[in-house]
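User: I'd like to go through how the labels on this model are earned. Can you take me through the calls one by one?

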Amino acid sequence: MSVNFVADPPRSARPPVTRRDFLYIATGSFAVVGTAAALWPMIDQMRPDEGVLASGGPVEVDVSKIGPGEQITVRWRGRPVFIINRAADALKELKNPSLLARLRDPDSQVPQQPPYARNWSRSSNPQYAVLVGVCTHLGCIPEFQPAADPQRAWPGGYFCPCHGSKYDLAGRVFKNVPAPYNLPVPPYHFTSATMLKIGENPPGVSFDFSSIQQI
């Protein structure tokens, strides 16, 4: 459907505004303002409280929408959180002895993760990695480079463009780079086969994110 625009008439051709016109416009304006004032308390109640935002409440994510080898980023407590659907070959590479020999903390000895993520995959479900995407050197956001490249001995993972720090697809930091620690893992758990809740531990587990070594 086409829309025909009609230009405003020249100011001199417009009829003069009468007192009745002025009263009509003023009355309508007050009505609009009054309606907005009445609705504002209801609208304001729907906005998240600043205290809730600051506390970083849990974030739910449907991981079924993430394809193999893909990553999405969500925000929790103002920080990016990487969620990766790791393909079978990527999971196999995480156990490769040649890769493990190049990592600074391959067994996650430094407390950068909850107890349920202190394992070879640094996750409660090996298929999905959940990592706070903040380089432990100076807080830059690493780039996702999942494709392996044998020519440069790259197994797939993360590269920080700021100062060259590198991590594998479990967020484990390589040796001889500026970053001292693995990428942090936030508290999280799966509420179903495909629904992930970030910011909340599994039932019966107590883990405080502030207890990690460094972010």
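User: What makes β8 and β9 a pair, and in which sense do they run?

Analyst: β8 and β9 (residues 195-198) share 3 bridges and run antiparallel. Two strands pair if DSSP finds at least two bridges between them, so the label holds for β8 and β9. The strands themselves are DSSP runs of E, at least two residues long, and helices are runs of H or I with at least four, both numbered from the N terminus. As this is a predicted model, local features need pLDDT of at least 70 and side-chain atom pairs 80 or more, while totals for chains, interfaces and linings use all residues. Residues are numbered from 1 along each chain as its sequence is written, and side-chain values use heavy atoms, with hydrogens and water left out.

User: Which residues of β9 are the bridge partners of His189 and Phe190?

Analyst: His189 is matched with Lys197, and Phe190 with Leu196. β8 and β9 make a hairpin, with 4 residues between them.

User: How do you know that β1 belongs with β9 too?

Analyst: β1 and β9 are joined by 4 bridges and run antiparallel. One position to look at is Glu60, which sits opposite Lys197 of β9.

User: Why is the sheet called open, and which strands are its edges?

Analyst: The order is β1-β9-β8, an open sheet of 3 strands with antiparallel pairing. β1 (59-62) and β8 (188-190) each have a single partner strand, so one side of each lacks a neighbour in the sheet, and those are the edges. Neighbouring strands here are turned by 20° against each other on average, direction ignored, with axes fitted to C-alpha atoms and angles between N-to-C directions that run from 0 to 180 degrees.

User: What makes a space in this structure count as a cavity, and how many of 30 Å³ or more are there?

Analyst: On a 1 Å grid over the protein atoms alone, a cavity is a set of points where a 1.4 Å probe fits but cannot get out. The search of the whole structure finds 1 of 30 Å³ or more. The largest has a volume of about 40 Å³, counted as the space filled by probe spheres set on the points.

User: Which residues line the largest cavity?

Analyst: Lining residues have an atom within 4 Å of a point. Among them are Ala90, Leu94, Pro155 and Asp168. The lining splits into 5 nonpolar, 1 polar and 2 charged residues.

User: What share of the protein is called buried?

Analyst: Buried residues are 34% of the 215, where buried means under 20% relative accessible area with a 1.4 Å probe, protein chains only.

Methods:
1 Å grid on protein atoms, 1.4 Å probe; cavity = no way out; pocket = protein on both sides within 12 Å on 5 of 7 lines; lining within 4 Å. Nonpolar A, V, L, I, M, F, W, Y, C, P; charged D, E, K, R; others polar. Buried < 20%, exposed > 50% of the residue type's maximum accessible area, 1.4 Å probe, protein only.
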